[in-house]
Amino acid sequence: MDFKVKSSKVVIVNSDGNVMLVKIAGKELYDLPGGHQEPGETAVNAAIREVKEEVGLDIFHVEQIGMTDRKDFFVTQIFSGEIKLQEEEVSEYIWIDPRKVRQYNVTDEVQKGIALYHMQ
């Protein structure tokens, strides 16, 4: 039986209602902040840790909004700190109107995460 590593992805919403996307280093593809869960780590703890590692933000009041076989999706509107990118993983970040996500080169999973946020 193959062990599938799950990932935690976070829809971070700013005060304008826009969501953060990060550009994957070396690719022309945007993703939600987040990453793989470590053995024994909860999905929410992975989300918090990965956002801190990738973009330098501390996130709070993180709520799960859905899941797939491979991903756990979370949302937060409360964060602090200065954005500092983990350059080996992400090359830039942007804030987008979530209704316009299809205008960006994103994975189906990003679209799913933002759709889950909109269904709240």
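1. A salt bridge, as the word is used here, is a side-chain nitrogen of Lys or Arg within 4 Å of a carboxyl oxygen of Asp or Glu. Keep that in mind as you look at the structure, which is a predicted model. By this rule the structure holds ten salt bridges. Some of them join up: E38, E41, R49, E50 and E53 are linked in a network.

2. Let us look inside that network. E41 and R49 form a salt bridge, and their closest N and O atoms are 2.8 Å apart. Are these two residues buried or exposed? E41 is buried, with a relative accessible area of 19%, and R49 is buried too, at 18%. Both values lie close to a cut-off, because buried means under 20% relative accessible area.

3. Now for the sheets, starting with the one made of four strands. This sheet is open, its strand order is 4-1-7-6, and its pairing is mixed. Strand 4 (34–36) and strand 6 stand at the edges; each has a single partner strand, so one side of each is left without a neighbour in the sheet. On average, neighbouring strands here are turned by 20° against each other, direction ignored.

4. What does "mixed" look like in practice? Strand 1 (residues 7–12) pairs with strand 7 in the parallel sense over six bridges. Strand 6, by contrast, runs antiparallel to strand 7 (residues 71–76), and four bridges join the two. You can trace the turn between strand 6 and strand 7 as a hairpin through three residues. To find your place in the pairing, look for M67 opposite D72 in strand 7 and for K9 opposite F73 in strand 7.

5. Those last pairs bring us back to salt bridges. D72 forms one with K6, where the closest N and O atoms are 3.5 Å apart. How many residues separate the two partners along the chain? They are 66 residues apart, with K6 in the segment before strand 1 and D72 in strand 7, so this pair links distant parts of the chain. Their surroundings differ: K6 counts as partly exposed at 22% relative accessibility, whereas D72 is buried at 3%.

6. K9 has a salt-bridge partner as well, namely D31, with the closest N and O atoms 2.7 Å apart. K9 lies in strand 1 and D31 in strand 3, so the pair ties together parts that are 22 residues apart in sequence. K9 counts as buried at 7% relative accessibility, and D31 counts as buried at 15%.

7. D31's strand belongs to the other sheet described here. This one is an open sheet of three strands in the order 3-2-9, with antiparallel pairing. Its edge strands are strand 3 (30–31) and strand 9 (90–96), each of which pairs on one side only. Strand 2 (residues 19–24) runs antiparallel to strand 9, and six bridges join them. A handy landmark is K23, which stands opposite E92 in strand 9.

8. Which helix lies across strands of both sheets? Helix 2 (residues 108–118) lies across strand 2 and strand 3, running at about 170° to strand 2. Helix 2 also lies across strand 1, strand 6 and strand 7, and there runs at about 45° to strand 7. In your viewer, try following helix 2 from one group of strands to the other.

9. Next, pause at E63, whose place is in strand 6. At 47% relative accessibility, E63 counts as partly exposed. Leaving out residues up to four places away in sequence, E63 touches F73, F74, V75 and Q120. Another spacing to check is that between E63 and Q77: they are 14 residues apart in sequence and 9.8 Å apart in space, C-alpha to C-alpha.

10. Finally, a backbone detail that is easy to miss. Most residues other than glycine have a negative phi. H61 is not a glycine, yet its phi is positive, at about 50°. Where does H61 lie? H61 lies in the loop between strand 5 (58–60) and strand 6 (63–67). H61 is exposed, with a relative accessible area of 61%.

Note on methods:
Residues are numbered from 1 along each chain as its sequence is written. This is a predicted model: local features need pLDDT of at least 70, side-chain atom pairs count only at pLDDT 80 or more; totals for chains, interfaces and linings use all residues. Side-chain values use heavy atoms; hydrogens and water are left out. Two strands pair if DSSP finds at least two bridges between them. Contact means heavy atoms within 4.5 Å. Axes are lines fitted to C-alpha atoms, for helices over the stretch in contact, and angles run from 0 to 180 degrees between N-to-C directions. Buried means under 20% relative accessible area, exposed over 50%, partly exposed in between (1.4 Å probe, protein chains only).
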